[in-house]
Amino acid sequence: MMVTSMVHLSIDLAALEHNYRALRRLCDPGVKFLAVVKADAYGHGLIPAARKLAAAGADYLGVGSLEEGAALRHAGITLPILLLLGILPEEAEGAVGADLDIALFRRDVARALAVAAQAQGKKARVHLKVDTGMGRLGLLPGEALPFLAELRNYPRLEVQGLISHLAVAEIEDKTYTNQQLHEFIRLLAAARHQGWKLPLSHLANSAALWELKEAHLGMVRPGIMLYGSPPAAHRPPPVELQPVMALYSRVLQVKRLPPGAAISYGCTYKTRGWCDVAVIPVGYCNGYSRHLSNRGEMLIHGQRAPILGRVCMNLTMVEVTDIPGVQAGDRVTLLGEDEGQRLSADELAAWAETISYEIYCALGTATPRHYTGA
Ligand SMILES: Cc1ncc(COP(=O)(O)O)c(C=O)c1O
């Protein structure tokens, strides 16, 4: 990997395709696949990721906002796209105009969609969102059937299915997840008993795709595993996933500091002996978390260089005393592989006390991306 700028964020679209195919193989042939590309494809770039997943065979895409859905349409993506967070009533016209499917859980939005669909001579496709235990978006289970009954007043709305979201599918103990699933299946059966077809009902995130085949239903809806990370850091996935994002930099300066020298804002680190320090031009403005201060590591010459002191806005210092021959201009790997050593998003997440999802979103949206494997 040639790194010609101070900060280089690399996205490997061939790895994204590899992960898609690996996950697809875990599903039965009839099961549809919604690739979650919300939040700028978890920081990997909405349009390049969506194009790659569409070309690889995904059936649906899931986005977070009308803006993301419209951007995909503008880029020529013709796959069905689901707005996972639903819309505001005033967005109904745009959502129908762009032929976007909508997660639905509000009466005012149902009305607005019916009006927009009527005005445009179209149908609006909706997925009724039910809260089976996430405590986030959606109708409570007791509200779902009465809401469906009201939708009979809106012939312009086409109900594709029920959808829900799982709160703890990534942990080993599946008791709570099974409760959510059973509640969902019970509701689905009750709705179908009332004549609703609901062909595309779905709630399986990455963890459920991997470990709970009963939850696949008509469609799975994974995100994080597409981007190469397991949903729970300590549990290796059943298929080989390839990391899609990597972050590189170059050493900007090397200096030797005497014992007792302070490093970075707040003087939170003091050298114990003579210390070789490399200054790296990456900081929290690049999404490189300040929580990595005095905790994280980078790779230089295939060896781990610990962060000394606070991560600054554009700069971070690492110790290279035990790494021979480090010079200004040398390549630095902050996420990814170098000479057989690897820093994963889960490792960065553990240092920063967060999850790989947040590492990807933060790094990916803060720095220009370079694509390979298109
Ligand atoms: C509604 C919804 N479905 C699916 C997903 C994908 O989850 P995961 O990335 O854990 O596979 C998410 C992610 O947050 C989500 O919010």
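A polar contact is a pair of N or O atoms within 3.5 Å. Pairs of this kind recur in the following report, which concerns a predicted model.

## Overall architecture

The protein chain contains 11 helices and 19 strands. Its C-alpha trace spans about 75 × 45 × 40 Å along the principal axes. Of the 374 residues in the chain, 52% are buried. The accessible surface amounts to about 15,800 Å², and carbon and sulfur atoms account for 53% of this area. When contacts between residues at least 6 apart in sequence are considered, 65% of them join residues at least 24 apart.

## The parallel sheet and strand 1

An open sheet is built from seven strands in the order 7-6-5-4-3-2-8, with parallel pairing. Strand 7 and strand 8 (219-220) are the edge strands, each pairing on one side only. Strand 6 and strand 7 run parallel and are joined by six bridges; within this pair, Ala124 stands opposite Leu157 of strand 7.

Strand 1 (residues 7-12) has two partners of its own. With strand 9 (residues 245-250) the strand runs antiparallel, and five bridges join the two. With strand 19 (residues 369-372) the pairing is parallel and extends over four bridges. Ser10 takes part in both pairings: its bridge partner in strand 9 is Ala246, and its bridge partner in strand 19 is His370. Strand 1 is mostly covered, five of its six residues being buried.

Pro368 belongs to the loop between helix 11 (356-366) and strand 19. This proline is exposed, with a relative accessible area of 62%, a value that counts as exposed because the cut-off is over 50%. The C-alpha atom of Pro368 lies 6.6 Å from that of Leu9, although the two residues are 359 residues apart along the chain.

## Helix 6 and Phe147

Helix 6 (residues 107-120) comprises 14 residues and reaches 20 Å from its first C-alpha to its last, close to the 20 Å expected at 1.5 Å a residue. Its buried residues are Val109, Ala110, Ala112, Leu113, Ala114, Ala116 and Ala117. An α-helix has 3.6 residues a turn, so residues three or four places apart point the same way. The cover over the buried residues of helix 6 includes helix 5 (92-97), strand 5 (101-104), strand 6 (124-129), helix 7 (141-151) and strand 7 (157-163). After helix 6 comes Gly121, which has a positive phi near 60 degrees.

Phe147 is found in helix 7. Its relative accessible area is 1%, and the residue is buried. Leaving out residues up to four places away in sequence, Phe147 touches Leu104, Phe105, Arg106, Arg107, Ala110, Leu128 and Leu139. Ala110, one of these, is also among the buried residues of helix 6. By contrast, Arg331 is 58 Å from Phe147, C-alpha to C-alpha, with their positions 184 residues apart in sequence.

## Ser201

Ser201 is located in the loop between helix 8 (175-193) and helix 9 (206-211). Is this loop residue buried or exposed? Ser201 is buried, with a relative accessible area of 1%; the figure qualifies because buried means under 20%.

The side chain of Ser201 has polar contacts with two backbone atoms. One of its polar atoms lies 3.0 Å from the backbone nitrogen of Leu162. The backbone oxygen of Leu198 is 3.3 Å from a polar atom of the same serine side chain. Leaving aside neighbours within four places in sequence, Ser201 is in contact with Gly161, Leu162, Phe184, Leu188, Arg192, Leu217, Gly218 and Met219.

## The ligand site

The ligand is surrounded by 13 residues, of which the closest are Tyr42, Ser206, Gly223, Ile224 and Tyr357. Three polar contacts with the ligand are listed below.

| Residue and protein atom | Ligand atom | Distance |
|---|---|---|
| Tyr42, polar side-chain atom | oxygen | 2.6 Å |
| Arg221, side-chain N or O atom | nitrogen | 2.9 Å |
| Ile224, polar backbone atom | oxygen | 2.8 Å |

Taken alone, the ligand exposes 390 Å², and the protein buries 92% of that area. Tyr42 and Ile224 therefore appear in two ways: both are listed among the closest residues, where near denotes a heavy atom within 4 Å, and each supplies a polar atom to the contacts above.

Notes:
Residues numbered from 1 in each chain as written. Predicted model: local features only at pLDDT ≥ 70, side-chain atom pairs only at ≥ 80, totals over all residues. Heavy atoms only, no water. Expected span 1.5 Å × (residues − 1). Buried < 20%, exposed > 50% of the residue type's maximum accessible area, 1.4 Å probe, protein only. Contact = heavy atoms within 4.5 Å. Pairing = 2+ DSSP bridges. Polar contact = N/O pair within 3.5 Å; in protein donor to acceptor, adjacent residues only side chain to side chain. Areas by Shrake-Rupley, 256 points an atom, 1.4 Å probe, with all protein chains shown as cover.
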